[in-house]
Amino acid sequence: MRFSSSGRFLYKNSSQVVKDVAKYMNFRAAKGDGLFTGRYSLNDDQVEAAFLYPGLRPTLWKIRLRLRGTQQGANNRMDLLSLVTSRVNSEGISGPEEEVLGAVDALEDEITRTSHRRGLAAFVFVPFEEVETCVLNLPVEKMDYYVPG
């Protein structure tokens with residue numbers, strides 16, 4: 001995930017190492033790169049974010065995170081508090097992304113929600129200036145485990 005100050009964020013799920021994924025993490029990337037864009041809000045130490053997966057079965061992806069740090073003032077971790085996916089009937093929903101997310105929120109009765117509880121682990125920040133040298137780029141045989149803390 002990459003957050004911008006405008007309230008937009010990018011999301012990409014990948015098995016690639018951090019330095020390879022970072023190449024796609026910009027708002028000019030092609031949709032074919034598996035990169036999704038959404039909206040987020042920050043209130044105190046809580047981040048709420050959402051985006052709409054397109055396709056034959058559109059799915060709304062909503063996440064709530066808590067921002068924290070491993071040392072005072074760091075803010076270098078995000079704890080995953082909740083992850084909810086919702087199948088959406090997309091007929092009649094089109095337009096700019098923020099209008100689509102608003103329209104989906106208004107369709108409370110037409111949405112099938114699934115709350116995910118397993119595998120909720122902390123997210124680790126990797127500053128873009130450290131992408132090339134991050135320990136998360138090591139091959140599996142050189143990194144036995146990584147504890148996000």
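**Figure 1. The hairpin of β3 and β4 in the predicted model.** In this predicted model, β3 and β4 form a hairpin that has 2 residues between the strands. Asp-44 sits in the turn and has a positive phi of about 55 degrees. Strand β3 covers residues 36-43 and pairs with β4 in the antiparallel sense, over 5 bridges. Within this pair, Ala-49 of β4 is the residue that stands opposite Tyr-40.

**Figure 2. The hairpin of β4 and β5.** Strand β4 also forms a hairpin with β5, here with 5 residues between the two strands. In the turn, Gly-55 has a positive phi of about 120 degrees. The pairing of β4 and β5 is antiparallel and runs over 8 bridges. Phe-51 has Trp-61 in β5 as its bridge partner. Both Phe-51 and Trp-61 belong to the largest nonpolar core, shown in Figure 5.

**Figure 3. Strands β1 and β2 at the start of the chain.** Strand β1, residues 2-3, pairs with β2 in the antiparallel sense over 2 bridges. Phe-3 stands opposite Phe-9 in β2. The hairpin of β1 and β2 has 4 residues between the strands, and Gly-7 in this hairpin takes a positive phi near 95 degrees.

**Figure 4. The pairing of β2 with β3.** Strand β2 pairs with β3 as well as with β1. The β2 and β3 pair is antiparallel and has 4 bridges. Arg-8 has Arg-39 as its bridge partner in β3. In the order of elements along the protein chain, β-β-α-β-β-β-β-α-β-β, a helix comes between the second and third strands.

**Figure 5. The largest nonpolar core.** This core has 11 residues. Among them are the aromatic residues Phe-9, Tyr-11, Phe-51 and Trp-61. Val-47, Ala-49, Ile-63, Leu-65, Met-78, Leu-80 and Leu-83 are also members. Strands β2 (8-11), β4 (46-53), β5 (59-68) and β6 each supply at least two residues of the core. In soluble globular proteins, nonpolar side chains tend to be buried together.

**Figure 6. Thr-85 and its contacts.** Thr-85 lies in strand β6, which spans residues 77-87. Its relative accessible area is 17%, so Thr-85 counts as buried, the cut-off being under 20%. Leaving aside residues up to four places away in sequence, Thr-85 touches Thr-59, Leu-60 and Trp-61, as well as Thr-112, Arg-113, Thr-114 and His-116. One of these contacts, Trp-61, is also a member of the largest nonpolar core.

**Figure 7. Pro-58 in the loop between β4 and β5.** Pro-58 lies in the loop that joins β4 and β5. Pro-58 is buried, because its relative accessible area is 7%. Pro-58 and Ser-86 are 28 residues apart in sequence, and their C-alpha atoms are 8.5 Å apart in space.

**Figure 8. The whole protein chain, for orientation.** The secondary structure comes to 2 helices and 8 strands. The protein chain has 149 residues, of which 26% count as buried. Of the contacts with a separation of 6 or more, 52% are between residues 24 or more positions apart. The protein chain exposes about 10000 Å², and carbon and sulfur atoms supply 48% of that area.

Methods. Residues are numbered from 1 along each chain as its sequence is written. This is a predicted model: local features need pLDDT of at least 70, side-chain atom pairs count only at pLDDT 80 or more; totals for chains, interfaces and linings use all residues. Side-chain values use heavy atoms; hydrogens and water are left out. Buried means under 20% relative accessible area, exposed over 50%, partly exposed in between (1.4 Å probe, protein chains only). Contact means heavy atoms within 4.5 Å. A nonpolar core is a set of buried Ala, Val, Leu, Ile, Met, Phe, Trp, Tyr and Cys residues joined through side-chain atoms within 4.5 Å. Two strands pair if DSSP finds at least two bridges between them. Accessible areas come from the Shrake-Rupley method with a 1.4 Å probe; for residues, only the protein chains shown count as cover.
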